[in-house]
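Hi everyone, thanks for making time. I'd like to walk you through one model today, moving from a single residue outwards. Please have a look at it on the screen first.

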Amino acid sequence: MTSPESVSFGYEDVTPEEKTARVGAVFSSVAKKYDVMNDAMSVGMHRLWKDRFVARVKPREGEQILDMAGGTGDIAFRMAREGASITVSDINQDMLDVGIERAMERGIDGLVWSRQNAEELSFGDRFFDAYTIAFGIRNVTRIDAALAEAHRVLKFGGRFFCLEFSTTEWPGFAEVYDAYSHKLVPKIGQAIAGDAESYRYLIESIRRFPKMGEFEAMIKAAGFRHTKVEPILGGLVAIHSGWKV
Ligand SMILES: C[S@@+](CC[C@H](N)C(=O)[O-])C[C@H]1O[C@@H](n2cnc3c(N)ncnc32)[C@H](O)[C@@H]1O
């Protein structure tokens with residue numbers, strides 16, 4: 001039985017069940033080419049955004065950190081360097097498998113890899129010192145549920161950090177980026193990963209994601225306090241943060 005509510009899958013409106021299934025198919029399809037595509041699409045800039053994001057999180061030795069929608073491990077690897085204990089969770093086993101293989105190649109051990117749906121975590125209450133989610137939240141079907149779960153699993157004094165595409169407010173740049181992303185990204189996806197459709201979804205999902213202020217309000221509604229938004233490239237990408245107090 002399907003639910004009558006509808007959610008966005010790129011530019012389409014679909015049932016929540018269909019979104020979860022189709023997002024799963026997108027990431028299973030791109031998993032093996034995910035890292036090389038990230039470099040190609042962002043001309044390597046995603047590495048700088050991720051470095052900046054982790055610098056804001058300030059992971060410390062002895063901390064328990066949950067990297068949600070952690071995919072192939074980019075954020076987790078950076079945080080593990082700082083000595084924190086990292087649990088990498090993702091709904092998609094194909095993405096996690098690529099991450100586990102990358103960790104082995106790099107000699108990074110000690111990470112916990114746990115398949116989880118961000119909307120319904122199996123972790124206990126107040127377990128983590130920090131919760132990170134990078135380029136993941138827009139793919140989650142019920143964003144409110146994921147934010148509520150993030151709040152639940154954090155300790156008091158715990159911090160929430162989200163890195164996500166948003167909407168640039170720089171005039172001129174917005175139009176150039178729009179043309180690039182809609183016209184070129186699916187072509188790059190076809191050329192490198194043999195999959196234009198998945199990359200079309202990824203671009204469309206950016207357009208449908210709430211703007212910075214609206215998303216910050218959702219973070220507040222989940223119970224986080226002292227929320228902050230740090231726009232990068234005028235808001236093309238943004239770092240959202242909040243505290244559980
Ligand atoms: C664009 S990737 C980001 C991966 C990684 N965080 C990074 O920055 O490279 C988005 C990830 O979100 C995951 N995802 C989508 N819906 C999810 C959900 N409900 N719960 C957990 N992970 C989810 C996908 O499987 C995918 O691995």
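**A walk through the model**

Let's begin in strand S7, where Arg-159 sits. Please keep in mind throughout that this is a predicted model.

Is Arg-159 buried or exposed? Its relative accessible area is 5%, so Arg-159 is buried. Its side chain has polar partners. The side chain of Arg-159 makes a polar contact with the side chain of Glu-63, at 2.9 Å. The Arg-159 side chain also reaches the backbone oxygen of Val-57, at 3.0 Å. If we leave out residues up to four places away in sequence, the list of what Arg-159 touches includes Lys-58, Pro-59 and Arg-60, then Ala-130 and Tyr-131, and also Gly-242 and Trp-243. Asp-129 is on that list too, and that's our next stop.

Asp-129 belongs to strand S6. With a relative accessibility of 16%, Asp-129 falls under the 20% cut-off, so it counts as buried. What does Asp-129 contact beyond its neighbours within four places in sequence? The answer is Gly-62, Glu-63, Gln-64, Leu-154, Lys-155, Gly-158 and Arg-159. So that you can orient yourselves in the view, the C-alpha atoms of Asp-129 and Thr-72 are 22 Å apart, with the two positions 57 residues apart along the chain.

Strands S6 and S7 come up again when we turn to helix H6. The buried residues of H6 are Ile-143, Ala-146, Leu-147, Glu-149, Ala-150, His-151 and Val-153. Which elements help to cover them? The cover includes strand S3 (64-68), S6, strand S7 (154-165) and helix H9 (212-221).

Now for the salt bridges. How many are there in the structure? There are 20. As a reminder of the principle, side chains of opposite charge can pair when their charged atoms come close. I've picked three to show you.

The first pairs Arg-142 with Glu-5, at 3.8 Å from N to O. This one links distant parts of the chain: Arg-142 is in the loop between strand S6 (128-134) and helix H6 (143-153), Glu-5 is in the segment before strand S1 (7-9), and the two are 137 residues apart. Arg-142 counts as partly exposed at 34% relative accessibility, and Glu-5 counts as partly exposed at 41%.

My next pick stays within one helix. Glu-18 and Arg-22 form a salt bridge of 2.9 Å, N to O. Both lie in helix H1 (residues 16-30), four residues apart, which is about one turn of the helix. Glu-18, at 35% relative accessibility, counts as partly exposed, and so does Arg-22, at 28%.

My last pick is Lys-50 with Asp-74, whose side chains meet at 2.8 Å, N to O. Here again the pair links distant parts of the chain, with Lys-50 in helix H3 (residues 45-57) and Asp-74 in helix H4 (residues 74-80), 24 residues apart. Lys-50 is at 3% relative accessibility and counts as buried; Asp-74 is at 10% and counts as buried too. Salt bridges with shared partners join Asp-35, Lys-50, Asp-74 and Arg-102 into one network.

Let's stay with Arg-102 for a moment. Arg-102 is found in helix H5 (residues 93-106). Its relative accessibility is 12%, so Arg-102 counts as buried. Not counting residues up to four places away in sequence, Arg-102 touches Asp-35, Thr-72, Gly-73, Asp-74 and Phe-77.

And finally, the ligand. How many residues surround it? There are 19, and the closest are Ala-69, Asp-90, Asn-117, Ala-118 and Ala-134. By class, this shell has 10 nonpolar, seven polar and two charged residues.

Where do polar atoms of the protein meet the ligand? On the side-chain end, an N or O atom of Tyr-34 is 2.9 Å from an oxygen atom of the ligand. On the backbone end, a polar atom of Ala-118 is 2.9 Å from a ligand nitrogen, and a backbone N or O atom of Ile-91 lies 3.3 Å from a nitrogen atom of the ligand. How much of the ligand does the protein cover? On its own the ligand has 600 Å² of accessible area, and the protein covers 97% of that.

That's the tour. Thanks for listening, and I'm happy to go back to any of these spots on the screen.

Notes
Residues numbered from 1 in each chain as written. Predicted model: local features only at pLDDT ≥ 70, side-chain atom pairs only at ≥ 80, totals over all residues. Heavy atoms only, no water. Salt bridge = Lys/Arg side-chain N within 4 Å of Asp/Glu carboxyl O. Buried < 20%, exposed > 50% of the residue type's maximum accessible area, 1.4 Å probe, protein only. Contact = heavy atoms within 4.5 Å. Near = heavy atom within 4 Å. Polar contact = N/O pair within 3.5 Å; in protein donor to acceptor, adjacent residues only side chain to side chain. Areas by Shrake-Rupley, 256 points an atom, 1.4 Å probe, with all protein chains shown as cover. Nonpolar A, V, L, I, M, F, W, Y, C, P; charged D, E, K, R; others polar.
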